[in-house]
Amino acid sequence: MGFLGAGMATAAATEEDTTRLCDLPEACVAYVLALTSPWDACRCAAVSPCFRDAAESDVVWARFLPPDYRAILQLHQAPARRLPLSRSGSTAGAASPSGSSKKEAFLGLTDAAVLVDGGGMAVWLARGSGAKCVALSARRLSLPWEDGEFSWRWTPHPLSRFADVAQLEDCTCLDIYGRLPTAALTPATAYAAYLVFVTTDAHRGLSFPDQETTISVGGSAPSRHTVCLRPDAAEARRFRGGKGTDGVDVRGPALRGDGWWEIEMGRLRTGNEAVAGEEVAVSFEMLGWYHKRGLVVEGVEFRPL
């Protein structure tokens, strides 16, 4: 019994000397959670009360907010009328004011895009990673006007976050260009650029697979991709002399939850630090000279992968 009692006493002493996670100061737990991601922090909050308290702290959520989040909130004019991808199924209100908790500010910037740059650009945060997402409105893009002033028509659209969109009336030469400083994006992050659009019932000339997108960063050589806004097998066969698109890698569009279509223009990765004057350039071009109409462009989005 003496030996058994001594063993039990030793085990009890060892258990008392063991440091559990919840024995750590809340600041230590918060520091560790700040090195993860918003998604991981929310999951850890369900582990125990001590994790929940740490996961709610400003120390954690300040790490997930971009350095200029206060400036974004100050430039806030009005919440976007639709969510960026409408994945949550609701249209949230305005972003939280800068005086609220860091978590509330973060969630406010993920629930609704903030219109900045005079309403010509929308900014929001990716909920899972906290990386910045940016949408350039059609007003911030370079559109072709070679066919005259009536090639495009500016018009409001009920699904758009912006005041107006560009609707193609008629043209033969179609190319669209956009530029964004890489400093507007989150450093060391992989991104994809998307052309956001819809087409009218009277669209014409948008189904031929002679469409091309490019993307480049700084002075690098552009990456090129063959795309098609309105894929049509019969049109493709006619365009290629009956050969169709077999063996040809053509990117098609995807329908989003907010009613818009999008097509990936290319991918990039931002550097570890912002480079002054560096820009990412994207373009969409239809190589054939024939009549085109019925394309409605909302803008170009840059979202983390």
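This briefing describes the fold, the packing, the empty spaces and a few backbone details of one protein chain. The structure is a predicted model, and its 305 residues are arranged with eight helices and 13 strands in the chain. Buried residues account for 47% of those 305 residues. Of the contacts between residues at least 6 apart in sequence, 70% join residues that are at least 24 apart.

**Nonpolar cores**

- In soluble globular proteins, nonpolar side chains tend to be buried together.
- The largest nonpolar core in this chain has 59 residues, and L295 and F302 are the residues with the most contacts inside it.
- Apart from this core lies another one, made of eight residues that include L115, W124, C133 and A135.
- Once residues up to four places away in sequence are set aside, F302 touches K132, C133, V134, L136, L180, L185, Y191, A192, A193, L268, V280 and V282.

**Strand β12 and its partners**

- Strand β12 covers residues 279–286 and is mostly covered, with six of its eight residues buried.
- Strand β6, at residues 174–181, runs antiparallel to β12 and is joined to it by eight bridges, and within β12 it is E285 that stands opposite D175.
- Strand β8, at residues 211–217, also pairs with β12 in the antiparallel sense, in this case over seven bridges.
- Two positions help to trace the pairing of β8 with β12 by eye: I215 stands opposite V282 in β12, and Q211 has M286 in β12 as its bridge partner.
- V282, which faces I215 in this pairing, is also one of the residues that F302 touches.

**Strand β8 and its hairpin with β9**

- Strand β8 is itself mostly covered, since six of its seven residues are buried.
- Strand β9, at residues 223–227, runs antiparallel to β8 and is joined to it by five bridges, and T213 stands opposite H225 in β9.
- The hairpin of β8 and β9 has five residues between the strands, and G218 there takes a positive phi near 65°.

**Pocket and cavity**

- Rolling a probe the size of a water molecule over the atoms shows where empty space is left.
- The second largest pocket holds about 350 Å³ of space, and of the 19 residues that line this pocket, L65, P66, P67, T186 and P187 are the closest to its centre.
- By class, the lining of the second largest pocket divides into 11 nonpolar, five polar and three charged residues.
- A search of the whole structure finds one cavity of 30 Å³ or more, and the space in the largest cavity comes to about 60 Å³.
- The lining of the largest cavity consists of T182, A183, L185, T186, P187, T270, G271, E273, A274, V275 and E278, which by class gives five nonpolar, four polar and two charged residues.
- T186 and P187 are among the lining residues of the largest cavity, and T186 and P187 are also among the residues closest to the centre of the second largest pocket.
- L185 likewise lines the largest cavity, and L185 is one of the residues touched by F302.

**Positive phi outside glycine**

- D117 is not a glycine, yet its phi is positive at about 55°, and its place is in the loop between β1 (114–116) and β2 (121–125).
- D117 counts as partly exposed because its relative accessibility is 42%, a value that falls between the limits of under 20% for buried and over 50% for exposed.
- A188 is likewise not a glycine and has a positive phi of about 50°, and A188 sits in the loop between β6 and β7 (190–204).
- A188 also counts as partly exposed, because its relative accessibility is 33%.

**Helices α7 and α3**

- Helix α7, at residues 102–111, is mostly covered, with seven of its 10 residues buried.
- The buried residues of α7 are K102, K103, A105, F106, G108, L109 and T110, so that lysines K102 and K103 appear in this list by virtue of a relative accessible area under 20%.
- D40 is found in helix α3, at residues 38–44, and D40 is partly exposed, with a relative accessible area of 30%.
- D40 and A55 are 15 residues apart in sequence, and the distance between them in space is 9.5 Å from C-alpha to C-alpha.

Key
Residues numbered from 1 in each chain as written. Predicted model: local features only at pLDDT ≥ 70, side-chain atom pairs only at ≥ 80, totals over all residues. Heavy atoms only, no water. Core = buried A, V, L, I, M, F, W, Y, C linked by side-chain atoms within 4.5 Å. Buried < 20%, exposed > 50% of the residue type's maximum accessible area, 1.4 Å probe, protein only. Contact = heavy atoms within 4.5 Å. 1 Å grid on protein atoms, 1.4 Å probe; cavity = no way out; pocket = protein on both sides within 12 Å on 5 of 7 lines; lining within 4 Å. Points joined across faces, edges and corners; volume = space filled by probe spheres on them. Nonpolar A, V, L, I, M, F, W, Y, C, P; charged D, E, K, R; others polar. Helix = DSSP H or I, 4+ residues; strand = E, 2+ residues; numbered from the N terminus. Pairing = 2+ DSSP bridges.
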